[in-house]
Every structure is written in C-alpha cells, then in structure tokens.
2 protein chains.
Amino acid sequence: MEVGEPDFLPPKIVKESLENVFDKGFLKYGQVKGMPIFREELVKFISKKFNTKVTPDNIIVSPGARFSIFTAITTLLNPGDEMIVIEPAWPAYKDCALNAGIKVRTINTTVEDKWEPSLKQIENTINANTKMIVLNYPNNPTGKILPEKLQDDIIELAKENNLYILSDEIYSQYAKGNWKSILSYNYEKSIVTQSFSKSHAMTGFRVGYAIADTKIIEKMAKLEALCLTNVSEPMQYVAMKALEADTSDNTNTVQKRLELLEQKAIDMGLEFVVPDGAMYIFARVNKEGFDGVQFANNTLEKGLAVAPGEGFGDYKNFIRISACQEETALIEGMNILRDILKGN
Amino acid sequence: MEVGEPDFLPPKIVKESLENVFDKGFLKYGQVKGMPIFREELVKFISKKFNTKVTPDNIIVSPGARFSIFTAITTLLNPGDEMIVIEPAWPAYKDCALNAGIKVRTINTTVEDKWEPSLKQIENTINANTKMIVLNYPNNPTGKILPEKLQDDIIELAKENNLYILSDEIYSQYAKGNWKSILSYNYEKSIVTQSFSKSHAMTGFRVGYAIADTKIIEKMAKLEALCLTNVSEPMQYVAMKALEADTSDNTNTVQKRLELLEQKAIDMGLEFVVPDGAMYIFARVNKEGFDGVQFANNTLEKGLAVAPGEGFGDYKNFIRISACQEETALIEGMNILRDILKGN
C-alpha cells in the first residue's frame, strides 16, 4: 500500500496492439514530439475529455509525465529563477528544479486548512525571481481538488505575475468531484502533464505527454531530442490504441477502495481530509514523537508498506496509504495498521 | 541513403516476445538501472562478445545509447570542464556537452590521414580542464577503426591525464577488421555505450545501455531516475529476448552493401577511406566551391537523400552515404549521384 501503481492490468486492447506492433511497422525512428497519428488521436481525446481546443503542435509525447516535467522545468527556467511548490507534493517537481539550479519556494498547507493554500500565502511567496508555480490536482498525496473559486484566483494571480503554471494532472482520471483542467483557462504560459501510468494502469510502459503553447513545446522538444531522439514507437502505438479503451472501471474500482480506506481510517482515529480524487489517503497519526520513516520501517516488518509523509514535505507525522491493492489486501493492511497503532 | 537506420526488420524473436509481454507481466515500474534479469543477460552477452568481465551493477539500461551519453556527460563533468571530440563525429556528443555547459575541443582528422588523429594532436588539446575524451569506433560517419597501437596509445594518454573515456561502440556489430572494445582495457574511468538500434535493427524501440564502473553507473542512474523513473519494461523484455537472436546476417548484409557502395564511389572518383566498419561511406566531392548542404538539397530533388558532411564537423565538401537500403536502391542512388556529379 506504498507505491502509486494500479494493481489492475492495462486495457485488453494493449495486449492486442502489442501483438500488432511488428506487422503494423511501428519499429523505426520517429518525430521527437511523437508520432503524428498518435498526437492526432490525443487531440481528439483531450478535446473531449478536458473540453478544450488543442492542435497536434501543442502536444509532446514523453516517456512518462516525469520526463515532461523535467524538460519543462529545465528548459523554461534559468538558474537563479524561483519556482513555487505547494506541499505536500510529489518530490519530483522539487528534484527537477534543484537539478536545474532553480530555487524552490514551498508553501506548506495543512490538514486543518483542508490542504488549501491561501491566496495570501502564494502572494507572499512571489517575488521578482518567481517564474513558475506547480499545481497538482487531484493531488498526490492528499487527493485534494481545489475549490473552483480558489483555483480561479490562483490562475489569475499567476497571470498577473506572468508565471508559468506547470499543472500535473495525471490523476484526473480519478477525480471524484468537480475538477477543472488548467487547460480550460487557455493560459499561454500553462503546461499540463498527463500520463497513461495511472489512468490506464500502464506504469511500466513509460508514456506520458505535455500540452502547452507551441513555443513551449518547441523548447521542450529540443531537450527531448537531445536526450532521446524520440519516444519508443511500439509504446506510442500501444498507448494510442489504449485511448480507445473504456477505463471507467478503473475509476470506479479506485473510488470504491478509497471509500473503504476512509472508513477504516476513521475507525482507527487517523486524521485526514476525505480525498476528492487520486488514489491515496494522506493521514496524520496523532502520537507523541511519531516519525513516519521509522513507522514505515516498522509496519514493513509486520507486512504493511506505507509511504512516510516526509517524502512529500514537512509532514513527519503523516503517512500515505495507497489504494492500489485488492479490497481484501487493503482490509488486511488497515487491520495491521490498526493493531500497530493500538499496540504502541 | 541519408539516415543510419537499418531497413531490415528486428529479429523474429522480437515479434514473439512483444506478444508475450502481457502474459509475462512486464508491465510495471522497475529499477532505474534496468530489470535485474535483463542486466544478468547483458552480462553474459557482453562477457562473450567483448571478452571482458562485468557485473549487473556495471550496467545501466537507457532509452537508447543517446540517453546514456547525455547522462554520462551531464553527471560526470561540470560546467567549465573540457571534453575532446575527434571529428568527423556524430553531433550528439558535442550537443550534450554544450547543453551541460562543457567546453568542447575538437580534433580535426582528414581523409589524407585516414581519419587517424595523431597522439600529438590529442596531447596538444589536453589542458588542466580536460576531463573527458570521446571515442567512437567503428566511427560514424567514416567507418574507421583505429589501428590497435594508436588506440592503445590514446587510452594510455587518457589514463595519464586522468580523463574519462566515453566510448560509443554502437557500431561494433558492423566491425569488419580487428576491433577492440575499450572495455578490454579495464580502465575504471571508461564508459562504453551500446544499443540495440543498429545491431538488432531496433531503432524505434529505444533501448541502449552503458557499461562502466559502479560509481559512474550510480551517478548516471541518479539523473536517469530523475528523468524517467525507469526504461519501458516491455521494451526491456523484448530487447532481452533479442539477445538470443543470431544477427550475423545483418552484419553480412551491411558489409556486402558497403562493398557495393565502395565500388560505385571509386568508379565516380569520390575520395574516401574504405570503411573498416559501421554502415556508411564518408566521401569528399572534389569540386570547386562544393557545399554539402546545398548538394544534399539538390540530390533530394532528384530522388537521392544523403547527409551533408557539415553535420559531422568542418567537412563542407563531404557527404555521408548510408548503406541502409536494398542493393537495388543503393545502385539506383549511386547512379543518380554519378549523373549529378557529371552534370554539374
């Protein structure tokens, strides 16, 4: 119950299309931004799913959303620039920025504030060097989706300050409530990352993509060409076919599991905000001197893996519990957790 | 006849293994350095092929040799360091260095000197900031393999100056004469890159790897983890199975074609060194004011694509002719070339 990796299989069509890669001839070098037919299909998919208009030139396919995050941060910002990350957050945003010599300013949100940053907090963090703000809703690890008004205000603030908005939306498939893609704001300095990993249970395939203004895409493409020539063509073909699959079962499965985790977590007195989406519960353990890293090591010995909160920022007394297991395993895991918490 | 992309198909076992990816379960996140079983198989393959001893910890799988070149240069060198490239050379070495703020010193070799750098040239290029020398034999674009004594001396010189040796050996499958991998020197600061692109005609799959000391591999792995999490598992599985294939037919095919190109090139008076390997002829056109870029554009209109020499360094009056076509197409192409050269 540690990693964010769906336990279910990729869509059936993925299996069939793997069998066709050879005969269809998806074996050769290709365009760095991705196969034109794949990007055409992505345009249709995105237009339908996120209610926005994009062209194939607004898309770059990458080996996972992570690579798009890496190229966006590395090519759009310069050493000395600053980037804002709202924590708790997936550590890759910070890691990519630090690797590129970018200064990271973090905004700490709390379970008490329902993981909502205040506009004031963000305003106070912006200075002349601030060039980008990272958003990730539904959020990993909290599952939070921002209230629409707050999201609108943040976008407005970013526009006023001419900031890039890097919006990692790989959990959009698992949004329970009202969720609005950053694409819908039509902001020319936004970069939205997406992936097949979570939505289509294709973590190991390494296919993601970014959607942005053509000028941004061209910059990202230059670094991608340098690193990779292009993304694996067999994997692009397979991902393209996966777009045809109905993945609503995945959504339902994860939502049911999250509800189960929520109930169990409430029963044992964990403090958390009921997630609006994603695949996790991020919960505080109310114990004197609780240390998530140590705790995660202890639970591991007893057969339960959870991710310590420290990986996501200054959240030493939190753990992230992933819903990426069968219900019976989740129940068993939560029972182990309950017994450990009682016993200590 | 422009790109370095074999026209033949990947081994048959690649088709079969694509069909098995799903049932075998190669679908999930994995280790950044590559699947342990794949690296085990690579160890066997490398030990047999290059007559050297390595362990799985000496290997990192990457999405193409290019990515390993990128991570090696980026993680081993620091801005301000210098790197030596012997030209003509594939432009990626230089590009990766410049991207990382590394200064590139090029050594110009000539057709008159049979594309051999002198030890003196290299010695004169080394200074206190020099940290790496790039080797690429069999060479793209010339097909050159260095005489063993010269190679030994270069390695010795690199050792004396404590330089990293980045040896890109992706054309080793197409070495005609005596060729010795840099691995055979057991130098702890060498990094050898390999790929399935040329040897197994798997360009589009994007699977390569690097072989180096564990300390170097760990550094490269850190950046690879940041960028990619891991290399596509389906592609790793397929490449692993491809190791079982007998690829000697590929070698024979390319060698026969190169001989054909050589004969045609001699007939039309092109100046070149008969390649010792790889898949190209790099030839000078003896014409007043000849410009390879312009020429390549002209030939394209007449149905022949060649790569201008300028892409490989200061070789304006050279063109690279690739053997990656059927013989009939090669004959046709060389006839077009002959007619253009006569006509102008």
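**Reading a two-chain predicted model**

Me: Before we turn to how the chains meet, how is the sheet in chain A of this predicted model put together, and in what order do its strands lie?

Reply: Chain A holds an open sheet of 7 strands with mixed pairing, and its order reads S1-S7-S6-S5-S4-S2-S3. Strand S1 (59-62) and strand S3 (103-108) of chain A stand at the edges, and because each has a single partner strand, one side of each is left without a neighbour in the sheet. Direction ignored, neighbouring strands of this sheet are turned on average by 20 degrees against each other.

Me: If I want to follow one pair of strands, how many bridges join S5 to S6 in chain A, and do they run parallel or antiparallel?

Reply: Strand S5 (residues 164-168) of chain A and strand S6 (residues 190-195) of chain A run parallel and are joined by 4 bridges. To find a place in this region by eye, look for A:Asp168, which stands opposite A:Thr193 in S6(A).

Me: Which domains does the assignment give for chain A, and how should I read the contact between them?

Reply: The domain assignment gives domain 1 (12-242) and domain 2 (248-343) of chain A. Their C-alpha centres lie 26 Å apart, and the contact takes 27 residues from domain 1 and 23 residues from domain 2. On the side of domain 1 that touches domain 2 in chain A, the residues divide by class into 13 nonpolar, 9 polar and 5 charged.

Me: What rotation and shift superpose chain B on chain A?

Reply: In general, two copies of a chain are related by a rotation about an axis and a shift along it. Here a rotation of 180 degrees, with 0.0 Å of shift along its axis, superposes chain B on chain A with an RMSD of 0.0 Å. That is the relation of a two-fold axis. Of the residues of chain B, B:Glu19 comes closest to the rotation axis, its C-alpha lying at 2.3 Å.

Me: Which helices of chain B supply at least two residues each to the side that touches chain A?

Reply: In the contact between the chains, 34 residues of chain B meet 33 residues of chain A. The helices of chain B that each supply at least two residues to this side are H1 (12-24), H3 (65-76), H4 (92-99), H7 (214-228) and H8 (233-242). H1(B) gives the most, with 5 residues. By class, this side of chain B has 19 nonpolar, 7 polar and 8 charged residues.

Me: Why can one say that the copies meet through the same surface?

Reply: Of the interface residues of chain B, 97% are also interface residues in chain A, so the copies meet through the same surface.

Conventions: Residues are numbered from 1 along each chain as its sequence is written. Chains are lettered from A and ligands numbered from 1 in the order in which they are written. This is a predicted model: local features need pLDDT of at least 70, side-chain atom pairs count only at pLDDT 80 or more; totals for chains, interfaces and linings use all residues. Copies are superposed by least squares on the C-alpha atoms of residues with pLDDT of at least 70 in both. Two residues are in contact if their C-beta atoms, placed from the backbone, lie within 7 Å. Two strands pair if DSSP finds at least two bridges between them. Axes are lines fitted to C-alpha atoms, for helices over the stretch in contact, and angles run from 0 to 180 degrees between N-to-C directions. Ala, Val, Leu, Ile, Met, Phe, Trp, Tyr, Cys and Pro count as nonpolar, Asp, Glu, Lys and Arg as charged, and the others, Gly among them, as polar. Domain bounds come from an automatic or database domain assignment.
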